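Good morning, and thank you for the opportunity to speak. I would like to walk through one structure with you, beginning with its side chains and ending with its empty spaces.

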Amino acid sequence: MDAFEHLILGFGVALTPLNLLYCFAGTFLGTLIGVLPGIGPLATIAMLLPITFNLEPTGALIMLAGIYYGAQYGGSTTAILVNLPGEAASVVTCLDGHQMARQGRAGAALGIAALGSFFAGCVGTLVIGLFAPALAEIALRFGPAEYFSLMVLGLVAAVVLAHGSPLQAVAMVVLGLLLGLVGTDVNTGAVRFTLGLPQLSDGIDFVVVAMGLFGFAEIVSNLGKRASDRELVAARISNVLPSREDLQAAWRPILRGTALGSALGILPGGGALLSSFASYTLEKKIARDPSRFGNGAIEGVAGPESANNAGAQTSFIPMLTLGIPSNAVMALMIGALMIHGIAPGPQVMTSEPRLFWGLIASMWLGNLFLLVLNLPLIGIWIRLLSVPYRLLFPAILLFGCIGIFSVRSSMFDLLAAAVFGLFGFIFIKLRCEPTPLLLGFILGPLMEEYLRRAMLLSRGDPLIFLSRPLSLMMLMVAAALLLLTVAPNVRRKRIEVFQD
Amino acid sequence: MRDLDNGPERDEAAGAGPQNPPRGDHPVKPASAMQSGHARAAGSKRKLNNREFCAGLMFVVFGVAALILARGYAVGSAVRMGPGLFPTLLGSLLIGLGTIIAVRGLLTGREGVPAGKLRPLLVLVAVAAFALLLKPLGLAIAAPMLVMVGAAAGPDFQLREGAALAILLTGLSAALFVYALGLPIQVWPG
């Protein structure tokens, strides 16, 4: 069977000592970052990207991917023990996980989270292996019109899932698209939006944008908030293995969470965050006694934890097969691929099979690492939780700056990152989501390219986007999504979910 | 009318009132329920100082800037898109969206822009200074400066702790990035 052969190839690549090292480094770093509140996986990946430029592409992606799903694991640890989500998708784990910890069941919560995540990771890897080639097949028949519409759909989906006003999110996307156009237009050779500065003739480096908007702005914003008291629960966590009753209660939510996460992760705009929220809502709805939720119901940990890990893995699918980022992290991965000279899209599977399947195999290995490492290393993670933010953020600042400088040895880049940091700060104050901007930024030049080609093919007829069936379908789904967001009861639900 | 109910500083609470009839899906809540979580609006220009309006204004400014900058680029035709077509399209779209957002802000805006402390912005000043000092003075000078100034942006800054952290982090990054990973960054001045 084809998939089997591919996986063998993949493991062959993933099991080389160097790639194993990258996988381990990535997952370890990811868990570390996930555990430390105040640093998210996005800022970390932005920070470490420049370093991975010197690695070969497979190794770089393996490490970056490891950081991403490693951070999911780490985030749950903080959520359960300190009631602080290490990163966004762990917010739901705080709800019941922390309550379990207060009831002395921290070990069981951590154990179930780890086991559920591992199971979900395995399934996620399988889903990618089976589903991705089929999707790439379909995508190979896409013309430029379909690609353009797909990108529109992807951006709209990202808007729908952004916090706050969808209208503002769309505006952020457009702003991002404009920023992506800065530099030399490949097709016409025209130099655009460079304000006469030669350093901008190659465009704004995306590490600059990512680090400035997400890294620096987040630090500035965090410093403006009052320090919250962290109530660390249970210095001694003796029993990390869940009891039989716990397993009995948890196995069905784990299955459901995995299924939900796998499905939602594939959708453009989906990923870990959406999956964990959806799973919590589902478990609460179908529970026999919904009042237990919020008071230490293990289903409230098992389901979302599995969902968010499954979502994190399957969110690679649109990126790897279609070249469409589902979320900001995937946008950075695309950036990383482009730096290595690999154009993301369906042809990656056939032109770089070792990269593709090696990455997938390595994701399974990474999940294994995380399961095996995390349970024994819980003590170390707990100790790390007590590192105060005031010692952490200067480190992030320094590493981030060195990272930015290492891309082009450019002083200008650093200054630009500071400017983006300022904008990021303003955006946070005005409650404009930066993620849609990043997605627009990455896709901007590509969208223009496809628009141009589509226009060329149709000889100037803009109706080509509506006359080709796949393109029409995607645009209709995009329109429907936009309308749904504006519809009153969906709006209320979004607010509900985000306020939980 | 509103002032009598809520008092002058609670201006972002008044979502419902004679000017803003409650819509079907947003039932009128008592003023106290709306207080939670909202920052105070600075200044007395209630109508103008709200988030949506400022955001909309910002987008309009960006859109106009884009159009002005794109003036010189050939727009071309639909078949042969010039370098100016996409920017002009996007710039106009941004102006349109910004206007809608600003108008909505004027009509129904509730939350003011939260006044924040300015000290955290010291972080960005530190980054800019690092940018200017790195090449002439090297990592050994620029990095401790970055760490100290950056740490000073935080609320619990202590000089001795900051200095120790600066030395530690500089040593660590020099060892890791320059010596171990071989990045082309100058460590010493000159």
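In what follows I shall discuss aromatic pairs, salt bridges, one pocket, one cavity and one helix. Please keep in mind throughout that this is a predicted model.

Let me begin with the aromatic rings. Over all chains, the structure holds 13 aromatic pairs. One of them joins A:Phe24 and A:Phe28, whose rings are stacked, at 6.0 Å centre to centre and with 20° between the planes. Where do A:Phe24 and A:Phe28 lie? Both belong to helix H2 of chain A, which covers residues 17-35, and they are four residues apart, about one turn of the helix. For those new to helices, an α-helix has 3.6 residues a turn, so residues three or four places apart point the same way. As for their surroundings, A:Phe24 is partly exposed, with a relative accessible area of 34%, and A:Phe28 is also partly exposed, at 33%.

A second pair shows another geometry. A:Phe356 and A:Trp357 meet edge-to-face, with 5.1 Å from centre to centre and 80° between the planes. Are these two residues buried or exposed? Both A:Phe356 and A:Trp357 are buried. Ring pairs can also join into a group: A:Phe11, A:Phe118 and A:Trp364 are linked into a cluster in this way.

I now turn to the charged side chains. In general, side chains of opposite charge can pair when their charged atoms come close. Over all chains, the count comes to twelve salt bridges. One of these is formed by A:Arg452 and A:Asp185, at 3.1 Å from N to O. A:Arg452 lies in helix H19 of chain A, residues 434-457, whereas A:Asp185 lies in the loop between strand E1 (183-184) and strand E2 (191-192), so this salt bridge ties together parts that are 267 residues apart in sequence. Both A:Arg452 and A:Asp185 are buried.

A:Arg452 has a further partner. With A:Glu448 it forms a salt bridge of 3.9 Å, N to O. This time both residues lie in helix H19 of chain A, four residues apart, about one turn of the helix. Why does A:Arg452 count as buried? Its relative accessible area is 10%, and buried means under 20%. A:Glu448 is buried too, at 2% relative accessibility. If we put these contacts into a wider picture, A:Asp185, A:Arg192, A:Glu448 and A:Arg452 are linked in a network of salt bridges.

One more salt bridge deserves mention. A:Arg292 pairs with A:Glu299, and their closest N and O atoms are 3.0 Å apart. The two partners fall into separate classes of exposure: A:Arg292 counts as partly exposed at 34% relative accessibility, while A:Glu299 counts as buried at 13%.

Helix H12 of chain A covers residues 299-314. This helix has 16 residues and reaches 22 Å from its first C-alpha to its last, close to the 22 Å expected at 1.5 Å a residue. How many of the residues of H12 are buried? The number is 16 of 16, and the helix is thus described as mostly covered.

Let us move from the side chains to the spaces between them. The second largest pocket has a volume of about 900 Å³. It is lined by 38 residues, and those closest to its centre are A:Gly180, A:Met338, A:Ile442, A:Pro445 and A:Leu446. Which elements supply at least two residues each to this lining? They are helix H7 (144-160), helix H8 (166-180), E1, helix H14 (328-339) and H19 of chain A. Helix H19, which we met with the salt bridges, gives the largest share of the lining, nine residues. By type, the lining residues divide into 19 nonpolar, ten polar and nine charged.

Finally, there are the cavities. The count comes to five cavities of 30 Å³ or more. The second largest cavity has a volume of about 80 Å³, and the residues that line it include A:Tyr73, A:Ser117, A:Glu305 and A:Asn374. Helix H4 (57-82), helix H6 (106-139) and helix H16 (353-385) of chain A each supply at least two residues of this lining. Helix H6 gives the most, with four residues. The lining of this cavity divides into six nonpolar residues, four polar and one charged.

That concludes my presentation, and I thank you for your attention.

Terms used. Residues numbered from 1 in each chain as written. Chains lettered and ligands numbered in written order. Predicted model: local features only at pLDDT ≥ 70, side-chain atom pairs only at ≥ 80, totals over all residues. Heavy atoms only, no water. Phe/Tyr/Trp six-rings, centres within 6.5 Å; stacked < 30°, edge-to-face > 60°. Buried < 20%, exposed > 50% of the residue type's maximum accessible area, 1.4 Å probe, protein only. Salt bridge = Lys/Arg side-chain N within 4 Å of Asp/Glu carboxyl O. 1 Å grid on protein atoms, 1.4 Å probe; cavity = no way out; pocket = protein on both sides within 12 Å on 5 of 7 lines; lining within 4 Å. Points joined across faces, edges and corners; volume = space filled by probe spheres on them. Nonpolar A, V, L, I, M, F, W, Y, C, P; charged D, E, K, R; others polar. Expected span 1.5 Å × (residues − 1).
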